[in-house]
Amino acid sequence: MRSRPALIVPVVVLLVAVGGGAAAWALFLSGDNVAPLSLPSRAPAASSGSAAATPAGASGTIASLPPASAATLDAASIPGTWSIAADSIVGYRVREKLASLSAESDAVGRTNSITGSATIASSGGALTVTAAEFSVDMTSIKSDRQMRDNRLRNDGIQTDSFPTSTFKLMTPVALPSGALTGTAVDVTLHGDLTLHGVTKTVDIPAKAQVNGGQIQVLGTLSFPFSDYSINAPNIGGFVAVQDHGTLEFQVNLAKS
């Protein structure tokens with residue numbers, strides 16, 4: 001018969017293992033419960049007793065500048081250079097797991113440390129985004145778990161080694177009809193996304209709206225980590241993340 005101490009040892013080891021998993025869960029996976037980003041509510045449009053705002057046309061129609069006498073939103077002279085506003089947000093969303101079980105919610109990290117600009121031109125009254133380039137300070141991304149943020153400095157997105165991510169628009173974007181009425185319009189951002197030191201050409205589905213003095217753009221892009229040579233973080237087999245994540249952003253542009 002095995003002695004009592006001999007029987008206790010494996011039980012203690014098991015408890016330590018379970019306790020380690022529970023600690024990892026508490027530190028990394030207890031749930032961020034952060035809602036997805038969304039476009040802000042629009043400010044009231046300007047009004048006039050003698051003229052109406054430029055109406056939205058049929059789907060696919062290109063936005064055009066309204067006559068000078070027409071009532072329009074605050075950003076009346078839209079062509080020009082637009083810079084990233086301080087209240088813009090970029091971040092990640094990824095599903096975490098404990099062992100083989102799904103976590104209660106996604107891990108979400110975000111930052112306001114974004115720089116860049118977009119150029120909008122008018123040709124024959126039609127509006128087109130001719131250029132756009134943005135840069136994100138990855139070291140400034142924060143979640144609700146400092147332990148998670150610290151780990152990502154050298155694991156996963158490895159912010160210490162790859163402190164900057166960028167996006168550069170490669171194809172001009174014709175703004176659909178409705179852009180000047182404050183309606184949220186669908187656009188596709190075709191460009192080069194650099195993340196974790198890897199550059200890929202992507203198509204990001206997005207929505208854009210004019211809101212007061214800003215142009216606001218909301219978009220998400222989901223991708224497998226392997227596209228950017230990112231290893232999914234794994235903590236001793238207890239805590240892991242799925243092998244894909246989502247880039248999400250709500251970028252506000254203000255006239256330079």
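Start at V217, in strand β10 (residues 214–224). Strands here are DSSP E runs of at least two residues, helices are H or I runs of at least four, and both are numbered from the N terminus. This is a predicted model, so local features need pLDDT of at least 70 and side-chain atom pairs count only at pLDDT 80 or more, while totals for chains, interfaces and linings use all residues. Residues are numbered from 1 along each chain as its sequence is written, and side-chain values use heavy atoms, with hydrogens and water left out.

V217 counts as buried because its relative accessibility is 12%; buried means under 20% relative accessible area, exposed over 50%, and partly exposed in between (1.4 Å probe, protein chains only). Show its contacts (heavy atoms within 4.5 Å). Leaving out residues up to four places away in sequence, V217 touches L39, L189, A206, K207, A208, F249, Q250 and V251. Now add S88: 129 residues separate it from V217 in sequence, yet the C-alpha atoms lie 9.4 Å apart.

Step from V217 to L189, one of its contacts. Beyond four places in sequence, L189 touches F167, L169, V173, V202, D203, I204, A206, V217 and F249.

Next, select the largest nonpolar core. Such a core is a set of buried Ala, Val, Leu, Ile, Met, Phe, Trp, Tyr and Cys residues joined through side-chain atoms within 4.5 Å. It has 48 residues, and I78, F167, L189, I215, Y228 and L253 touch the most other members. Strand β9 (residues 198–211) gives the most to this core, six residues. In soluble globular proteins, nonpolar side chains tend to be buried together.

F167 leads to β6. Which side chains of β6 point to the buried face? S165, F167 and L169 do, while T164, T166 and K168 point to the other face and are not buried. Look at the partners of β6 next; two strands pair if DSSP finds at least two bridges between them. Strand β5 (residues 126–137) pairs with β6 in the antiparallel sense over five bridges. Find T166 in β6, with S135 opposite. Strand β8 (residues 185–195) also pairs antiparallel with β6, over four bridges. There, D192 in β8 stands opposite K168.

Move to strand β1 (residues 80–84). Four bridges join β1 to strand β4 (residues 114–123), antiparallel. G80 has I120 in β4 as its bridge partner. Three bridges join β1 to strand β13 (residues 244–255), again antiparallel. Here I84 stands opposite L253.

Two loop stops follow. G182 sits between β7 (173–174) and β8. Its relative accessible area is 2%, so G182 is buried. Measure from G182 to Q209: 27 residues apart along the chain, their C-alpha atoms are separated by 5.5 Å.

D155 lies in the loop between α2 and β6 (164–169). D155 is buried, because its relative accessible area is 18%. Apart from neighbours within four places in sequence, D155 contacts N231, P233 and N234.

Finish at the largest pocket. On a 1 Å grid over the protein atoms alone, a pocket is an open set of points where a 1.4 Å probe fits, with protein on both sides within 12 Å along at least five of seven lines; lining residues have an atom within 4 Å of a point. About 160 Å³ of space lies in it, the volume being the space filled by probe spheres set on the points. Select its 13 lining residues; T139, I141, D149, R153 and T159 lie nearest the centre. Helix α2 (residues 146–151) supplies the largest share of the lining, three residues.
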